[in-house]
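User: Please take a close look at how the helices pack against one another in this model, and follow the description into the pockets and the local backbone. A connected account would be preferred to a list.

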Amino acid sequence: MAGFRVVLLLYVALTVPHRTNGAASLSSLGLPLPEIPTGYVYKNGNPLAPIQIEMFGDLVCPAFKASFPVMKEVADWYGPNLVCLKIHLFPLPYHKYAFLTHQVVHIVEPYLGINGTFDYMDRILENNEKFGREVLNRTEGQIHNELLRIVQTFGVPADQYWAGVNSFPTWNKARIEFKYACHRGVASSPAYFVNGVMVVPAVTAEDGTMEDFSLAEWKEALDPMLGTPEQRQQKEQMAADGFSYGTCPKAGQDRVTCSPVTNQARSETTATSVSTAVLALLAVVTTLGSHL
């Protein structure tokens, strides 16, 4: 009887969603769930492109400043239907005003759109010494005035800037994006993922230091992933047509055949899996009980 109760409790724990104040919620191991996917896609990169590159970086970081133009070159070289570049901001805690420059992205975005945020990032990176190495003899007010001057060139009114830096929503969005980077295992700037896998695109220079890939070295690494010129052209066209790898194609695309999966089939599969797990647990508990 005790064993049955244990199995019943496990069954409830596995099958009933966690609820807070009567509403179902998702557990995310301490990471607040973003309302939309995080990151900034460069030049409308296609989320169905065969190569997805994610770059994490700090706008005050000299290494990110050096690598950022190269990654834009890579995305421009291949085009949005072959390489989709997404930038995630990751303000390092030892760069004093990195988080503030990150937060301001969410102030300018409503005025500039996602593509326009890259202009803001470029401007900060061009002047990032003013928010990093040169802050020792500058007050926080002077730092804000410098940022205000920059955002006003993009048409952001002063009152909107001050409202934004004192706003919980803009602060919280930057906070969530920072935590998301930590959740992905990012600990440095820049950091890279290619098709979801963390990579280190660096070569050893003559003096023994590590240098990030140039455009030529990125091409050497990515070209084999795209295959022959014919395969590359086909992948580019498939992305443009809306073909998603791992899913069924749209109507008229007969490159693959997928069997339809109904909601009933999904439910039956889920129920069967849960039932199997419960039966296995019951067998374990019964066996343990027989030895007590």
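Analyst: A crossing of two helices is called left-handed if the near helix is turned anticlockwise from the far one by less than a right angle, and right-handed if it is turned clockwise. By that convention, the crossing of α2 and α7 in this predicted model is right-handed. Helix α2 covers residues 62-78 and helix α7 covers residues 215-226. Their axes lie 10 Å apart and make an angle of about 40°. Angles of 35 to 65 degrees fall outside both the roughly parallel and the roughly perpendicular classes, and α2 and α7 are therefore oblique to each other.

On the α2 side, this contact uses Val70, Met71, Glu73, Val74, Trp77 and Tyr78. Their partners in α7 are Leu215, Trp218, Lys219, Leu222, Asp223 and Leu226. Nine of the residues in the contact of α2 with α7 are nonpolar and three are charged, while none is polar.

Helix α2 also packs against α3, again with axes 10 Å apart, but here the angle is about 145°. The crossing of α2 with α3 is left-handed. Phe64, Lys65, Phe68 and Lys72 represent α2 in this contact, and they meet Phe118, Met121, Asp122, Leu125 and Glu126 of α3. The residues of the contact of α2 with α3 comprise five nonpolar and four charged, with no polar residue.

Helix α3 in turn packs against α6, with their axes 8 Å apart and an angle of about 120°. The helices α3 and α6 are therefore oblique to each other, and α3 passes α6 in a right-handed crossing. From α3, the contact takes in Phe99, His102, Gln103, His106 and Ile107. From α6, it takes in Thr170, Trp171, Lys173, Ala174, Arg175, Glu177 and Phe178. In the contact of α3 with α6, five residues are nonpolar, four are polar and three are charged.

The description now passes to the largest pocket, whose lining receives at least two residues from each of α3 (98-126) and α6 (168-183). The share of α6 is the greatest, at six residues. His106, Lys173 and Glu177, which take part in the contact of α3 with α6, are among the residues nearest the centre of this pocket, together with Glu35 and Ile36. The largest pocket has a volume of about 450 Å³ and a lining of 17 residues. Nine of these lining residues are nonpolar, four are polar and four are charged.

The second largest pocket, at about 170 Å³, is lined by 14 residues. Strands β6 (191-194) and β7 (197-199) each contribute at least two residues to its lining. Ser188, Pro190, Ala191, Val199 and Val200 lie nearest its centre. The lining of the second largest pocket divides into 10 nonpolar residues, three polar and one charged.

Pro190 also deserves attention for its backbone. Most peptide bonds are trans, whereas Ser189 and Pro190 are joined by a cis peptide bond with an omega of about 0°. Pro190 is placed in the loop between α6 and β6. Another backbone feature is found at Lys43, which is not a glycine yet has a positive phi of about 50°. Lys43 belongs to the loop between β3 (40-41) and β4 (51-57).

Key: Residues numbered from 1 in each chain as written. Predicted model: local features only at pLDDT ≥ 70, side-chain atom pairs only at ≥ 80, totals over all residues. Heavy atoms only, no water. Axes fitted to C-alpha atoms, helices over the stretch in contact; angles between N-to-C directions. Helix = DSSP H or I, 4+ residues; strand = E, 2+ residues; numbered from the N terminus. Parallel < 35°, antiparallel > 145°, perpendicular 65-115°, else oblique. Contact = heavy atoms within 4.5 Å. Nonpolar A, V, L, I, M, F, W, Y, C, P; charged D, E, K, R; others polar. 1 Å grid on protein atoms, 1.4 Å probe; cavity = no way out; pocket = protein on both sides within 12 Å on 5 of 7 lines; lining within 4 Å. Points joined across faces, edges and corners; volume = space filled by probe spheres on them.
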